[in-house]
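Colleague: I am new to this structure and would like a close look at a single part, the metal site. Please take me through that site and then through what surrounds it.

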Amino acid sequence: MKLLSDFIHFKEQILRQVDECRLFTANYPLLIEHILREAKMYRAILMEIIYHKSVSRKKLGNMEDFWNRIMMEHALFIRGLLDPTQEQLIETADQYAKEYKELLADHVLREANHYIRLLETEEEG
Ligand SMILES: [Fe+2]
């Protein structure tokens, strides 16, 4: 847990320095944020397992969104790292990113509908 927290702190420092133009890296700032989010999610899961001996249903639900976003970003990173002559692969990566974006939008819509139904049920009851 200490190594993980130190890693998160290190990545936060790198991101801050990149944002302030004090550090140059060939990594996209989004990639640094992405790695930070993955490390924080991993830490959150570990904490839950340590303190509750399992991962809650709510956390699992949040993970679906989390991983859809992570996979969308992977596709975007792949697209950005391809040689400009690899047009077909760029298109494939773009298509993956688009599909994950749609999954995220669908989930947001389903969540909103779920809360609307809950509110309507409360109003009726
Ligand atoms: Fe990743």
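Modeller: A residue is called buried when its relative accessible area is under 20%, exposed when that area is over 50%, and partly exposed in between. His34, at 2% relative accessibility, therefore counts as buried. Please keep in mind that this is a predicted model.

His34 is one of the protein donors of the iron ion, the others being Glu38 and His74. The two histidines bind through NE2 and the glutamate through OE, and these donors lie 2.1 to 2.2 Å from the iron ion. Along the chain the donors follow the spacing H-x3-E-x35-H. His34 sits in helix H2 (residues 29-52) and His74 in helix H3 (residues 57-81), so this pair ties together parts that are 40 residues apart in sequence. Unlike the buried His34, His74 is partly exposed, with a relative accessible area of 29%.

Next, the helix that carries His74. H3 has 25 residues, which at 1.5 Å a residue should span 36 Å; the C-alpha atoms at its ends are 36 Å apart, so the expected span and the model agree. The buried residues of H3 are Met63, Phe66, Asn68, Ile70, Met72, Glu73, Ala75 and Phe77. The cover over these buried residues includes H2 and helix H4 (87-124).

H2, the helix that carries His34, also takes part in a nonpolar core. The largest such core has 8 residues: Leu4, Ile8, Ile14, Leu15, Val18, Ile32, Leu36 and Ala39. Helix H1 (2-19) and H2 each supply at least two of its residues, and H1 gives the most, with 5. Within this core, Leu36 touches Ile8 and Leu15, and it also touches Lys11 and Glu12, leaving aside residues up to four places away in sequence. A second, separate core of 5 residues includes Met41, Met63, Phe66 and Ile70. In soluble globular proteins, nonpolar side chains tend to be buried together.

Finally, another residue of H2 is Leu46. Leu46 is partly exposed, with a relative accessible area of 25%. Apart from neighbours within four places in sequence, Leu46 is in contact with Met1 and Leu4; Leu4 also belongs to the largest nonpolar core. Leu119 lies 73 residues from Leu46 along the chain, and the C-alpha atoms of the two are separated by 34 Å.

Key. Residues are numbered from 1 along each chain as its sequence is written. This is a predicted model: local features need pLDDT of at least 70, side-chain atom pairs count only at pLDDT 80 or more; totals for chains, interfaces and linings use all residues. Side-chain values use heavy atoms; hydrogens and water are left out. Donors are N, O and S atoms within 2.8 Å of the metal (3.2 Å for Na, K and Ca); water is not among the atoms, so sites may look incomplete. Helices (H or I, at least four residues) and strands (E, at least two) are DSSP runs, numbered from the N terminus. Buried means under 20% relative accessible area, exposed over 50%, partly exposed in between (1.4 Å probe, protein chains only). A nonpolar core is a set of buried Ala, Val, Leu, Ile, Met, Phe, Trp, Tyr and Cys residues joined through side-chain atoms within 4.5 Å. Contact means heavy atoms within 4.5 Å. The expected span of a helix is 1.5 Å times one less than its number of residues.
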